Every structure is written in C-alpha cells, then in structure tokens.
Amino acid sequence: MRIIKTKSYEEMSKKAANIIASVVTLKPDCMLGLATGSSPIGTYDELVKKYEAGDLDFSEVTTVNLDEYKGLPKENEQSYYYFMHEYLFDKVNIDPEKTYLPDGTNLNSEEEAARYEALVQSLGTVDLQLLGLGRNGHIGFNEPGDHFEDGTHCVDLKESTIEANKRFFESADDVPKQAYSMGIGTIMRSKKILLVVSGEEKAQALKDSIYGPVTPEVPGSILRFHPDVTIIADEAAMSLIK
C-alpha cells in the first residue's frame, strides 16, 4: 500500500489523473473501474484536460462503474449514468458502447445484481479501479455490516450515507434508499486500486481503513489485503494520521 499525501484536493486530483493516464497510455485497451461522488470529480477534470491537450486517447478503453442508485432513470441529474456523462464520457473520445453501469431502472434486485456481476466478469479483469471513501468507511456503496459482500448486490443505504448525499437532492426524502454496488470481492479482483480521499470529514474513516482492524464494519479496511493499492489523500483527510 502506497500512501501519497498532497497539500490540496487539486494536487490530489492531478496525481490521481496522472496514474490513470499512465495505465491508459501503456495499455490503450485497458478496463477502468470508475467511481462517482465529489471525490473523483477533480480527477475526471484533469483527465479531460489531458485528452483536450492531445495527450490521452480513450477510444479503446472499456469502463465499468461501481454503483448506481436503484430507481433513478438515466436522465435523472442525480443518477450516476448522468454524472459520468457530465464529467467524463461526453468530454472525451470514449466509445459509449464500452461504458457500463448497473441499471437503476431494473427494480428486480436479484436479477440486476446477477446481470451486472456476470457482465463485469465477462469483460475480463479491471486494470485499475478508482475508489472514493465514504465518511463511514464505505467503498462503492458497500456499507458497514457484519460481512464483506462478494459480488454485485443491492444495498440498503445507511442513514449517514443518505445524510451525506442529501446535498445533491432537494431534500433527504428524495435521496434513494437503495443502490446497486459492486461487491468487495469484485473490487478486490482488480489488478490495481487507486483510492482518493479528501476533506477532514473523511479523516477518521481513512485512519480506520489504514490502521484499524480489518473488519466489514469499516469496508475500506479490506484494501490492506490487496497487493497493489495507492492512496492519494490531502492534508485534511490525513490530519489524524501521524
């Protein structure tokens, strides 16, 4: 596990984008696992800049996303399908036919989880999985619990997650209470994992993930068992780590 401390969110985003860009450059037909939320927005902005400068080509890249809210159609501005198109897909030369997310409109949880898991496995191994870290230590939408979920599954979102995400909606009542998420096993099968963490509100979760016991109560702690993890965190997120 490599830990890179940066002075700011902007520096964190640039370093993360450099790592992703190196994977795409060395393997143009790579498969990227992508994350949503506020943490990776700056990283996507930096990747777009590299594409616009002619330094990056996404034409052969395949992407699989970690998660999607259950019940939100693609055109909903808070869906992760919409998010990915707004911040990355519509701004680079990626083939839309090679971008994959769970289908939030499929309300049959078992069916959709099985479909997406089979799809991800059929595409091969993720070369680099980008992750953010929730305030309660979740990765993807794998919430704290009594066991690590292996494959894609439907998650009942914790109140703390709903509270953290309500800023994107008109009210907390509008935040979906469930989501589809890749499981811990699916994430851990990636060749390389890149975790970006920013902000003082993530400091305890980051400390627990790196130095606390490996437990499903802190899903991010499982990353210590992966052979190739890079954590890039700003000073605020690292504030509890000596």
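**Exercise 1. Determine whether Met238 is buried or exposed in this predicted model, and describe its surroundings.**

Solution. The relative accessibility of Met238 is 9%, so the residue counts as buried, the cut-off for that class being under 20%. In the chain, Met238 belongs to the segment that follows β10 (229-234). Once neighbours within four places in sequence are set aside, the contacts of Met238 are Ile3, Lys5, Leu206 and Ala233. A further distance concerns Lys207, which lies 31 residues away along the chain: its C-alpha atom and that of Met238 are separated by 7.7 Å.

**Exercise 2. Classify Gly151 as buried or exposed, and locate it in the fold.**

Solution. Gly151 has a relative accessible area of 18%. The limit for a buried residue is under 20%, and Gly151 is therefore buried. Its position is in the loop between β6 and β7 (153-156). Apart from neighbours within four places in sequence, Gly151 makes contact with Glu117, Ser181, Met182, Gly183 and Thr186. Tyr44, by contrast, is 107 residues from Gly151 along the chain, and the two C-alpha atoms are 26 Å apart.

**Exercise 3. Compare the span of helix α2 with its expected value, and state what its buried residues pack against.**

Solution. Helix α2 comprises 12 residues, 41-52. From first to last C-alpha it reaches 17 Å, close to the 16 Å expected at 1.5 Å a residue. The buried residues in α2 are Gly42, Thr43, Tyr44, Glu46, Leu47 and Val48. Their packing partners are two strands towards the middle and end of the chain, β6 (128-131) and β9 (193-197), together with β2 (31-34), α1 (9-26) and α3 (80-87). Just after the helix, Gly54 adopts a positive phi of about 85°.

**Exercise 4. Assess the overall compactness of the protein chain.**

Solution. The protein chain contains seven helices and 10 strands. Its radius of gyration is 17 Å, and the globule rule gives 18 Å for 242 residues; the two values are close, so the chain is as compact as a globular protein of that length. Along the principal axes, the C-alpha trace spans about 45 × 45 × 35 Å. Of the 242 residues, 55% count as buried. Among contacts with a separation of 6 or more, 79% join residues 24 or more positions apart.

**Exercise 5. Describe the exposed surface and the charged side chains of the protein chain.**

Solution. The chain exposes about 10800 Å², of which carbon and sulfur atoms supply 48%. There are 25 positive and 40 negative side chains. The centres of these two sets lie 8 Å apart.

Definitions and conventions
Residues are numbered from 1 along each chain as its sequence is written. This is a predicted model: local features need pLDDT of at least 70, side-chain atom pairs count only at pLDDT 80 or more; totals for chains, interfaces and linings use all residues. Side-chain values use heavy atoms; hydrogens and water are left out. Helices (H or I, at least four residues) and strands (E, at least two) are DSSP runs, numbered from the N terminus. The radius of gyration is taken over C-alpha atoms; the globule rule is 2.2 Å times the number of residues to the power 0.38. Buried means under 20% relative accessible area, exposed over 50%, partly exposed in between (1.4 Å probe, protein chains only). Contact means heavy atoms within 4.5 Å. Accessible areas come from the Shrake-Rupley method with a 1.4 Å probe; for residues, only the protein chains shown count as cover. Lys and Arg count as positive and Asp and Glu as negative; His and the chain ends are not counted. The place of a charge is taken as NZ of Lys, CZ of Arg, CG of Asp or CD of Glu. The expected span of a helix is 1.5 Å times one less than its number of residues.
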